[in-house]
Amino acid sequence: MADQRLTDEVGRLAALARYDILDSPPESGFDRITGLVRSVLNVPMAVVSLVDADRQWFKAHDGLDDTETPRGIAFCDHTIRQREPMVIADATADARFSDNPLVTGGARIRSYAGVPLTTPDGYNIGSLCAIDTVPRDFDPAQIAILQSLAALVVDQMELRRIADRDFLTDALTRRAFVAEMDKRIALFLRHARPAGLLLFDIDRFKAVNDSHGHAAGDAVIRAVALLCDRLKRPSDVLGRLGGEEFGLLLPETSETEAMTAAERFRAAIAALHVDHAPPLRVTVSFGVAALDHGRCRSDAWIAEADAALYAAKRSGRDRVNLARLSVPHVA
């Protein structure tokens with residue numbers, strides 16, 4: 001019977017997307033694994049490769065300068081099409097790879113051993129590979145080590161995914177939300193792609209806890225997060241930044257569009273009836289900051305939106321306040 005997971009590309013890409021790991025910064029847990037591969041298998045290069053729709057992207061790359069390559073030339077694209085490890089003793093003698101630019105130039109790959117990174121639901125989303133610049137055979141013991149380390153890579157990805165989610169709301173944690181902001185900042189600096197940041201805080205939340213108890217406070221936080229998750233676009237990112245404070249990151253969104261979105265969220269939350277006895281109603285205050293060259297660090301971007309948020313609270317709550325873009329001085 002055919003292994004449908006190996007041919008279900010839509011499902012495979014969805015499985016990869018669930019980890020929200022592409023283009024993320026380096027992380028020591030993955031770097032340690034590639035370091036072990038290099039040391040134990042005595043190879044000059046080791047890579048954790050994730051295969052996207054049209055590229056392979058390296059979450060960790062020890063001994064290799066590149067961070068990604070086109071998918072069409074990726075050895076790992078062949079690895080993910082099978083369940084067993086793929087071993088190439090001499091790429092110049094293999095018709096699939098002999099004229100590959102990764103063999104004839106650049107990395108000068110000559111031998112390769114790759115183990116698929118298989119998710120718990122059976123999709124191969126990438127590979128852990130050991131690469132050498134000379135022909136060589138990888139013995140069964142070395143392949144077994146590579147398989148064990150590949151399982152550790154998947155475990156690391158699973159732990160990373162869990163750690164990125166707030167237990168109460170399933171929104172991103174502050175750390176994960178800031179990582180998403182860093183990605184938008186990088187796109188802004190490279191390609192001038194706009195983005196908006198909405199910070200919002202539940203008004204008089206302490207009074208909810210004091211009057212109705214912490215279980216009621218948790219119910220309010222969950223209800224607000226669920227409503228925002230339903231209202232946001234698929235590309236928008238919701239994070240719980242701490243306590244009753246949340247962030248919404250809006251890609252491809254101008255300052256005006258961000259203000260419109262914030263007002264829509266504010267009005268929806270004001271109309272929300274939280275399931276409780278008696279039913280509870282709350283309002284929120286918003287601070288809005290569009291990405292610009294004066295906000296090209298996540299902490300600076302958050303600080304400006306935060307200042308706008310607290311200005312909204314000081315001016316009466318249940319409102320949206322904008323952090324104005326700075327206007328360059330002209331002499």
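Reader: In what order do the five strands of the open sheet lie?

Author: In this predicted model, local features need pLDDT of at least 70, side-chain atom pairs count only at pLDDT 80 or more, and totals for chains, interfaces and linings use all residues. Residues are numbered from 1 along each chain as its sequence is written, and side-chain values use heavy atoms, with hydrogens and water left out. Strands are DSSP runs of E with at least two residues, helices are runs of H or I with at least four, and both are numbered from the N terminus; two strands pair if DSSP finds at least two bridges between them. With mixed pairing, the order is β8-β9-β7-β10-β11.

Reader: Which strands are the edge strands?

Author: An edge strand pairs on one side only. One such strand covers 237-242 and the other 320-323, and these are β8 and β11.

Reader: Which residue in β9 is the bridge partner of Gly239?

Author: β8 and β9, the latter made of residues 245-251, pair in the antiparallel sense over five bridges. In β9, the partner of Gly239 is Gly247.

Reader: Which element gives the most residues to the largest nonpolar core?

Author: A nonpolar core is a set of buried Ala, Val, Leu, Ile, Met, Phe, Trp, Tyr and Cys residues joined through side-chain atoms within 4.5 Å, where buried means under 20% relative accessible area, exposed over 50% and partly exposed in between, with a 1.4 Å probe and protein chains only. The largest core has 34 residues, and Leu198, Phe200, Ile202, Val220 and Val224 touch the most other members. Elements supplying at least two residues each include β7, β9 and α8 (214-231). With nine residues, the one that gives the most is α8.
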